[in-house]
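User: Could you take a close look at one part of this model with me? I'm new to reading structures, so please go step by step.

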Amino acid sequence: MAGMNAFSHIPLSASPARKHDANMQYIGIDLGGTATKAVVLSADGAEHAWTSVPTPPLTSEDEVRTFVRDLRVGLGMEQAGGVAGVGLAVAGAVDGAGVLRMAPNIALDLDLLRDALTRELRCPTFALNDASAAAFGEQQLLPKGDAPRSLVLVTLGTGVGAGIVVDGRVVPGARGAAGEVGHITVEADGHLCGCGSRGCLEQYASARGLVRLARERAAADGTPLFPEPMHDSDAYSVFLAAENGNVPAQEAVVELARRLGQALATIACVIDPDVFLIGGGLAGSAEAFLPATRDVFRKHACPACRDTPIEAARQGNRAGALGAALFARSQVDLA
Ligand SMILES: [Zn+2]
């Protein structure tokens, strides 16, 4: 089975000339639908502080001011100065100019928040999509020598998304939608998706999709799921049932693997990354579906891409904040 060392021949990702002051710090903020994680990194990438706060609505000056203050207190950054850049990862479509095109799950005025961070911390703020940030974090933090130039991080959780890094750079797309792989069609007349289309990957490879598949199989087979999912997105119970030999749960996991493998093969035809990483909440159970995903991928991918490694992501839910801070560092370098 292809492992991480399968791409160890890929040359070290070219770091841009380091122009930053060694004493300067970078803040990475991962603004999620319910919680926000933030980290302070020094210029050499060492982690200095982490904090996590609930994500409030961020549409008024007051809300934004309180939020920025809470973050600074949590990070021990009450004093202004010493910060060279802030990276802001957002659960929404952010284009290459940093404009928020769509954020269905957060009440956010991005301009207001960006202006407040820039003003309070006296440094530029760079916004990007959260999956893009996570992909950049994973790419930058792979061991030197293994670091791929190009990768696609596919996140399987409440929804399905992706972050794309090509030649060491984040690819946001013209409309911020370059990572919307959850809406790749994998079944022409499949299940109706929230986007209005049918048969999107998200309907099969998200937590909710997996639970629905398992319940459908259980009804068709006349075999109950055990354990029974506790709610509509309790993927963990489905993986547990599959591990315990429950047939409908196993069939649902195989179906997820099949759809994911198909979609990755489609992505490979366009991006041809050095490696695919699988992250998000479902990645904790990656070993349950990655072997089958690799088999399906191999069947559908164009011949040149058949051996592309497909691995579990390494940084878990830290990747977004770390990637946002590293993105800020890369943007300050370019300036
Ligand atoms: Zn869709």
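Analyst: **The zinc site**

Around the zinc ion, the 4 donor atoms subtend angles of 107 to 119°, so the arrangement is tetrahedral (four donors count as tetrahedral if all angles lie between 85 and 135 degrees). Keep in mind that this is a predicted model, in which local features need pLDDT of at least 70, side-chain atom pairs count only at pLDDT 80 or more, and totals for chains, interfaces and linings use all residues. Residues are numbered from 1 along each chain as its sequence is written, and side-chain values use heavy atoms, with hydrogens and water left out.

Who holds the ion? His183 does so through ND1, while Cys193, Cys195 and Cys200 each use SG, at 2.0 to 2.3 Å. A donor here is an N, O or S atom within 2.8 Å of the metal (3.2 Å for Na, K and Ca). Along the chain, these donor residues follow the spacing H-x9-C-x1-C-x4-C. Both His183 and Cys200 sit in the loop between strand S10 (169-170) and helix H4 (202-205), so this pair ties together parts that are 17 residues apart in sequence. Helices (H or I, at least four residues) and strands (E, at least two) are DSSP runs, numbered from the N terminus.

The two ends of this spacing pattern have their own surroundings. Cys200 is buried, with a relative accessible area of 0%, whereas His183 is partly exposed at 29%. Buried means under 20%, exposed over 50%, and partly exposed in between (1.4 Å probe, protein chains only).

Let's widen the view to some helices further along the chain. In helix H6 (residues 235-243), the buried residues are Ala235, Ser237, Val238, Phe239, Ala241 and Ala242. Their cover includes helix H5 (207-221), along with H7 and H8. Just after H6 comes Gly245, whose phi is positive at about 90°. H7 and H8 also meet each other: Leu256, Leu260 and Leu264 are among the H7 residues involved, and Phe289, Val296 and Phe297 are among those from H8. Contact means heavy atoms within 4.5 Å.

For a last comparison, look at Ala35, which is found in strand S2 (residues 35-42). Like His183, Ala35 counts as partly exposed, with 31% relative accessibility. Ala35 and Val53 are 18 residues apart in sequence, yet 5.8 Å apart in space, C-alpha to C-alpha. Leaving aside neighbours within four places in sequence, Ala35 is in contact with Asp30, Ser52, Val53, Pro54 and Thr55.

How values were computed
Four donors count as tetrahedral if all angles lie between 85 and 135 degrees; four count as square planar and six as octahedral if opposite donors are over 155 degrees apart and all others between 65 and 115; anything else is irregular.
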